[in-house]
Amino acid sequence: MNKRKIVIIGNGISGITCARNIRKNDEQADILVISGETKYFYSRTALMYIYMGHMKFEHTQPYENWFWEKNRIDLLQAWIELIDFKQKKLICHNGTNIYYDVLILATGSKPLMMDWPGKHLNGVQGLYSYQDLQLMEENTNGISRAVVVGGGLIGIEMAEMLASRKIPVTFLVRESNFWDNVLPQEEAKLINRHIREHGIDLRLSTELEEILDDGEGNVKAVLTKQGDTIPCAFVGITIGVMPKIDFLKDTDLEIGRGILVDPYFRTNMKDVYAIGDCAEFKDSIGENRKSIEQVWYTGRMHGEILAQNLTGPNEVPYQPGVWFNSAKFFDIEYQTYGNVPAQIPENVETFYWEDQSGKVSIRFNFLKHSNRLQGVNAFGWRLRHEFFDQAISEEWTIDQVMEKLDSASFNPEFYKPYHRLVLDAFNKAMGKQIRFKKISFLHKLIGSRA
Amino acid sequence: MKKIQVLGLGLFIVGLFIFSYIPFIGQYQLEEEMVKTVVKSEHEEAMLRILRPMYSESYHSNFRFIANFNDLFDEYNNDLKRKEAWDEVIWDDYAFPLTKAASDSAVSQYPLVFLTISVVLAIFGGLLYIFPLHRGEPEGIKNNGIYFSSMKSRGLLGIITGTYLILFYVLLYWYPEYITNLVIMVDPLSKALSGQEASQWFLYGLLYTMAILVMGIRMFRKYKGNAYQTIRTGSVMFFQVAFAFLIPEILMLLNKPWHDFKNIWPLDYSFFYDYRIEGMVSSGALGMFMLVWGIILIVIGVPLLTYFYGKRWYCSWVCGCGGLAETLGDPYRQLSDKSLKAWKIERYMVHGVLVFAILMTAVTIVNYFMEFGLLGQATNQLHSIYGFAIGAAFAGVVGTGFYPLMGNRVWCRFGCPLAAYLGIVQRFKSRFRITTNGGQCISCGNCSTYCEMGIDVRWYAQRGQNIVRASCVGCGVCSAVCPRGVLKLESADEEGRMNDMPIIIGSKSVQVKS
C-alpha cells in the first residue's frame, strides 16, 4: 500500500475510532488528527462527571497519552479555518497549511440556539464541548438559581450537574412530559416524577420567551411564554445540537443541515469523507433511522466502517443493524433496543409493566398480527444487549421473548427478579401460561447463566 | 451537612484527639517486683541488675522512661556484642511489657472511662455522622464532589490522615512501648473476652473491627439500593467480628492457640512456623482441626471456590484486609493508579512476594524436618526479613497508611501473596468474569476511576471484551457506577468467558473485533 496522508478533523469518538482502525489495517499511512478543542481524545459523554466531581478531566481520556505515539497517530491542536479542496489543503487558524491525500471530516456538533432576545447575555450557554464545560464552571460559580431550557438528554444532564452542586434548578420543558417526543407517555411520566424527586422545579409545557438583562450584560431572569419571570444567573440552553460545519459553508462541499454523504460516507468531493454527528445521509439508511445520527454508538460505527472502506479490499455501505441507545436520567438508567416510538402505531401492540416503586419499567412493542418483537424500552433495569439484538433481528414472537426473559436481565447479582413479576403480569394480561425453564438449585448455587 | 452530622464529626475529632493524647499522660515508676513478673527466668538476674538505677525513680513521661530503659539495656547488650558473647545478649523485647507494668496513670485506674471518652466517643460521633448520610435522597450513585474533597482526592486532609495512619502503624509494629496507655485502656475488655491482659495486637484488633463495623454502616448508606454491595459488606463485617476478633479470643479463653479460621497461607505467612505447628499439634482435636482445615483451605478451598466464584469469594467477601479496604478504604478507592506501567510493576511485585513466601515456607518446613539443623539460621533470618518487610512494613504501614495516598488496595494489589495465588487461579481456571454488554459503553471512565485494583476496566468495556484479570477482587463497584449498564459480574460457563464479540452489536456492515 502506498504511503498516503490521511487527515482527520475532529478527535471525538468518530474521528478517533476511524484513526485507530485505519492504523490497525494500514501500517504505512500517515495519520493526523486535528482538533481545536483538546489535544487528546476524551469522552464527551463524561463531561458532566467532571463538573459533578466524580472524575477529573484525565479520567475521561480513554487512552493514556503514550498511546498515540506508539500507534503513530499524530495529534495537532488547532482550529481549521478553511479548506481548499482543489489543492487538498487545510488552513489553520495560525496560518499554517496542511496537505492531505484523504480528508475525513468528523467535526461533531454545536449547541442549537434560537433567536431569543437576550441569548448573548453572560450566563447563557449550551453544553457540548470542553470549553463549554469550563464556561459553565465559571458561569455557575456561587449562583443562587439556574434555569435549563429544553427537555432532552443534555438538558436533564445539566439539571443533574447543577443539582449536584446544590444549585436550585428550574427546568423548562416545551413538551407536556419530559422527552415525550421520544418516550411514550408512561415512561416520560416516570421520569417527570424522578426529576421532581430530585428537587428540580420541572415546568412542563413551558417555553422560553426572553432572557432578561441585569443592565450590565448578565442574565437577571428568564421570562416564559406563560408570562412567568424566573430570576436566575445562569441559563442552560439544551434544545438540541446541530452539525458544526460553519467553516465549510462557502466551499464546493455539498452541505444540507450537515455534510451530505452517501452510504459509504463519501461527500461530493473526491477523497473527502464525513462521519459522526456532522454527516447527513442523502438517502435514507433504513426505516426509522434519522438522516443525522448524533449518538456515541453510531459515531463509533461510522468510524469503523469508513476505516474498513479506506483500508480494505472492497467498500461496504453503512448498514446499521438493530437500533439501540441508552442514557441515565439522574439515578434511573434507560436502555432501548429496536423501535419504540413515542406514539404507538396502529399495527403495533404494546405491553407495559411498571414496578410498584414507580422507578422500574419495561415495554415490549410487537406486531399485532404476527406477534413479532419490534422493540423494548427499559427503565431502572439493565438488559442484555446480545439477547435483544438477537430477539429483534431474528423476529422472535413476544411469547418466545417472555419464555426466556430470565436470561435477558443484566442487573447485578442479588437484585430483585423483576422478570418474574413481568411474566406474571404478562400472563394475566394476555391470558397465557408461559413459564420459565426450571433451573436446578445446584445451577443457581454456582451461578450459571441460562 | 445537617447539624447532627456536624456534632458527630466534632465528637469524632474530640475522641480522636483524646485517643492520640492518652499515650502522653501519667507517670512511670519501675519496681523490682515488676521486673520479676515480666521477664523470663533466664533473664531475671541480668535484668534486675541492669535496671537497678531505675527502681523507685518517678518519670513524668514515657519518653524519659523509655529513653532511660533503652540506655541501660543497650549499654548491657552492646557490651556483650563487642565481646561477641552472642549467647548472653538479651534479644527479647522487654520495653513494652515493662513500660506497661511501670505505668501509673489515671488510665490504669479508670480504663473504661478513658475508653469511653476516646474510642467509644469517636465511634458514637462517627455513627452520628454516618446515619443521616444520604437520608431522603433517592437510591443511586453517591460520588458527587469526590474530586473536590481534600480528604478523598489527596488534598491536605488526605495527606494528614495518611501521615497519622502511618505513624500509628510505625508505633504499633516497632515502638508499642510508647502506646502502653492505650493498651492498658483495653485491658478490661481483653480480660473479659479471653481472661488475659491486652497486648498491642488486641488493641489493634479492636480498633480494626470497629473501623470495619462503623464504616460498613457507611457502606450501607452509600450503596443503598445495591443488593450486591449491601450483602457483600454484611459478609466482611460478619467475618471480621466472628472469625478474626471473637473466635480467636474465645480460643484463648479455652487455653487454645489464637487462631483465625478464615486466614489462609500465604497471607497467614506464619502458618507453617514451628511454634504455630507445635501449638496446633499440642492442642488436641481442635488443634488438629486447625491444621487440617488450614491445609484444606490452601489446597482445595482456594482453587475450588475461586473456580466457581472468582477470587472475590475471599478478597471482597471474607478477608480481613479486604474487609478494611472495602469499608474504611472505600472513600479512597479512586486513588489507585490505572496506568499500564502500574500494572507492570504490580505483576512483578505481587508475584515476587508470592515466590518469597513460598521459598521462606519451604525452607521453614525443610528445617522442621531436619530438626533445626543446617537451616536454622537461614530460617530465622528469612522469618525476620519477611516479618519486617512484608508482614509489617508492606501489609500494615503501606497497606493501610497509604489508603489516602495510593488507594485502598495497595497491599492487596502489590503485595498480598494470597491474592497472587487466588489471582493465578482466577485468570486461568475460573467461571468468573465481568461481562460487558455489547456496544453500550460510552468510554466515560467511571469504571476505571472507581476500580480500587487499578484495572483499566474501560479498556475492555469499550471494545466489548469481557474482563478477565488476575487482580479483580470482584467488589462490583465498576458495575455499580456504570451509567449505561455495561458491566455485570458473573459466574458462568467457561465457554465464552474470553469472548470474541465484535465491538458493536448493531452494525451489519463490518464486524470489527477487539
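This report covers the domains of chains A and B, the contact between the two chains, and one sheet of chain A in a predicted model.

**Domains**

Chain A is split into domain 1, made of two segments (5-110 + 242-311), domain 2 (124-239) and domain 3 (324-445). Chain B is split into domain 1 (27-104) and domain 2 (432-514). Distances between C-alpha centres are listed below for one domain pair of each chain.

| Domain pair | Distance between C-alpha centres |
|---|---|
| domain 1 of chain A and domain 3 of chain A | 36 Å |
| domain 1 of chain B and domain 2 of chain B | 60 Å |

**Contact between the chains**

In the interface, 52 residues of chain A are in contact with 47 residues of chain B. On the side of chain B that touches chain A, at least two residues come from each of α12 (227-253), α22 (446-449) and β5 (487-491) of chain B. The largest share there belongs to β5(B), with 4 residues. By class, the residues of this side of chain B are 22 polar, 18 nonpolar and 7 charged.

**A sheet in chain A**

Three strands of chain A form an open sheet in the order β13-β14-β15, paired antiparallel. β13 (208-213) and β15 (229-231) of chain A are at the edges and have a single partner strand each, so one side of each lacks a neighbour in the sheet. On average, neighbouring strands of the sheet are turned by 25° against each other, with direction ignored. β13(A) and β14 (residues 219-224) of chain A run antiparallel and are joined by 5 bridges. Within this part of the sheet, A:Leu208 is opposite A:Thr224, a residue of β14(A).

How values were computed: Residues are numbered from 1 along each chain as its sequence is written. Chains are lettered from A and ligands numbered from 1 in the order in which they are written. This is a predicted model: local features need pLDDT of at least 70, side-chain atom pairs count only at pLDDT 80 or more; totals for chains, interfaces and linings use all residues. Domain bounds come from an automatic or database domain assignment. Two residues are in contact if their C-beta atoms, placed from the backbone, lie within 7 Å. Ala, Val, Leu, Ile, Met, Phe, Trp, Tyr, Cys and Pro count as nonpolar, Asp, Glu, Lys and Arg as charged, and the others, Gly among them, as polar. Two strands pair if DSSP finds at least two bridges between them. Axes are lines fitted to C-alpha atoms, for helices over the stretch in contact, and angles run from 0 to 180 degrees between N-to-C directions.
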